[in-house]
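Reader: Hello! Could you walk me through this model, one question at a time?

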Amino acid sequence: MSTVRLPDFPWDALAPARARAAEHPDGVVDLSIGTPVDPTPPLLGDALAAAGDAPGYPTALGTADVRRAAAGWLSRRLGVQLADPFGADPSVIPTVGSKELVALLPTLLGLQGSGTVVLPEVAYPTYEVGAVVAGLQVLRTDTPPAHPGDAVLVWLNSPGNPHGRVLTDDELRAWVAWGRAHGVPVVADECYIELGWDVVPRSVLHPDVAGADHTGLLAVHSLSKQSTAAGYRAGLLSGDPALVRRAWEVRRHLGLLVPTPVQAAMAAALADDAHVAVQRERYRRRRDRLAAAVRASGARVDHSEAGLYLWVSRDEDCWTTIDWLAGRGIVAAPGSFYGPAGSRHVRMALTATDERIDAAVERLMKDPPAPRRSQAHGGPLQGGR
Ligand SMILES: Cc1ncc(COP(=O)(O)O)c(C=O)c1O
């Protein structure tokens with residue numbers, strides 16, 4: 001029997017930095033994993049409780065309410081017009097959070113065996129996990145390859161984890177054209193799309209990108225961050241009805257069902273923009289404070305124009321920066337977790353309480369180190385945003 005070789009689960013490697021940071025007299029500020037900490041808005045809990053009488057099995061297709069609310073949110077917030085969500089081939093289905101979908105999509109689409117999954121140069125590790133589980137290779141690139149080779153799937157992630165980079169319309173269009181020219185589905189993970197700071201992130205399904213229909217395209221969304229509901233496990237897959245259908249049919253067999261009360265909470269959340277706006281402003285304030293302090297400390301913030309993280313560099317190996325932060329009682333994620341090209345950055349999450357963000361700010365501002373050598377050449381004190 002052959003065993004699947006999964007990438008290392010890297011978080012354990014942070015234990016020494018975490019232990020060092022925990023020695024800080026005012027306690028650790030953990031900005032590494034990025035799990036939401038603010039209360040889930042009551043409208044989700046209320047809808048969940050009201051749907052608590054759920055003796056029957058849910059369907060993999062999702063309730064009419066959740067599909068209608070999802071199509072409404074996509075239209076209202078992202079300018080995306082789905083094909084009929086109630087058609088024989090569905091244009092949207094709920095998922096058990098988006099991580100399982102990301103990890104299973106190559107398998108659900110029947111791509112297992114041989115071929116290559118194209119993913120961003122610096123990327124959320126689960127794209128690679130999903131390729132490995134399906135017995136596929138990976139190619140990391142931020143631009144469409146000159147030759148398709150044996151590509152079977154493209155993952156885009158905008159706004160991106162870990163760096164908060166947002167793909168421009170031209171970049172999105174280039175990938176869509178490439179995928180369609182070579183018959184390779186293009187899937188955009190847009191789980192941070194409600195969290196744009198300096199730009200308004202665009203969906204791959206927007207008509208300016210996709211054109212008149214969604215052939216060959218899928219988008220992945222999540223309520224974890226925008227609705228502070230990671231514990232609910234609530235996500236969406238939408239786009240090309242033929243592709244959604246393929247995923248849906250396998251999901252029925254696998255029993256990948258979103259619990260009925262969670263579907264009710266999803267429908268309520270997707271119909272309400274106010275709670276998302278409140279959370280967005282909370283994150284914006286944290287981001288502004290933390291980014292200013294990071295820069296004042298002599299480090300640089302790259303990209304980070306959207307999403308839940310600051311992508312920080314001191315122009316040194318990421319583990320040196322991790323150690324430097326740990327000395328101030330702060331834990332971040334080393335950029336190398338996200339691919340070799342991330343090895344000179346660390347990722348700092350905005351998902352800590354205001355009190356902990358303030359503690360990080362104070363520690364970073366204290367004793368700002370003397371300006372570092374490369375200043376005159378666009379070094380750490382320049383070029384940050
Ligand atoms: C890029 C990206 N995609 C997907 C996920 C999975 O999120 P969830 O399963 O909570 O929807 C995450 C989680 O952090 C992520 O960063």
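Reader: Which residues in α4 meet which residues in α5?

Author: Happy to start there, with the reminder that this is a predicted model. Helix α4 covers residues 99-108 and helix α5 covers residues 126-133. On the α4 side the contact is made by Lys99, Val102, Ala103, Leu104, Leu105, Pro106 and Thr107, and their partners in α5 are Thr126, Tyr127, Val129, Gly130, Ala131 and Val133.

Reader: How do the residues of the contact of α4 with α5 divide into nonpolar, polar and charged?

Author: Lys99 of α4 is part of this contact, and lysine counts as charged. The full division is 9 nonpolar, 3 polar and 1 charged.

Reader: At what angle do the axes of α4 and α5 cross, and is the crossing left-handed or right-handed?

Author: The two axes come within 7 Å of each other. They cross at roughly 35°, and the crossing is right-handed.

Reader: Let's zoom out. What feature does UniProt place at residues 28-364?

Author: The end C-alpha atoms of that span lie 13 Å apart, and the span is 39% helix and 15% strand. The UniProt record, an unreviewed entry, gives residues 28-364 as "domain: Aminotransferase class I/classII large".

Reader: What separates the centres of domain 1 and domain 2?

Author: The domain assignment gives domain 1 as 10-34 + 275-367 and domain 2 as 54-272. Taken over C-alpha atoms, the separation of their centres is 28 Å.

Reader: Which element supplies the largest share of the side of domain 1 that touches domain 2?

Author: The contact takes 24 residues from domain 1 and 26 residues from domain 2. On the domain 1 side, α11 (274-296) and β10 (309-313) each supply at least two residues. That side divides into 10 nonpolar, 8 polar and 6 charged residues. The largest share, 7 residues, comes from α11.

Reader: Now the ligand, please! Which residues come nearest?

Author: There are 13 residues around the ligand. This shell divides into 4 nonpolar, 7 polar and 2 charged. Those that come nearest are Gly97, Ser98, Lys99, Ser222 and Ser224.

Reader: I always check the backbone before setting anything up. Where are proline 159 and proline 162, each joined by a cis peptide bond?

Author: Serine 158 and proline 159 are joined by a cis peptide bond with omega about -5°. The bond from asparagine 161 to proline 162 is also cis, with omega near 15°. Proline 159 lies in the loop between β5 (151-157) and α6 (169-182), and proline 162 is likewise found in the loop between β5 and α6.

Reader: One last check: what is phi of threonine 228?

Author: Threonine 228 has its place in the loop between α8 (223-226) and β8 (235-239). This residue is not a glycine, yet its phi is positive, near 50°.

Conventions
Residues numbered from 1 in each chain as written. Predicted model: local features only at pLDDT ≥ 70, side-chain atom pairs only at ≥ 80, totals over all residues. Axes fitted to C-alpha atoms, helices over the stretch in contact; angles between N-to-C directions. Helix = DSSP H or I, 4+ residues; strand = E, 2+ residues; numbered from the N terminus. Left-handed = near helix turned anticlockwise from the far one by under 90°. Contact = placed C-beta atoms within 7 Å. UniProt positions renumbered as here; feature names shortened; annotations may be inferred. Domains from an automatic or database assignment. Near = placed C-beta within 6 Å.
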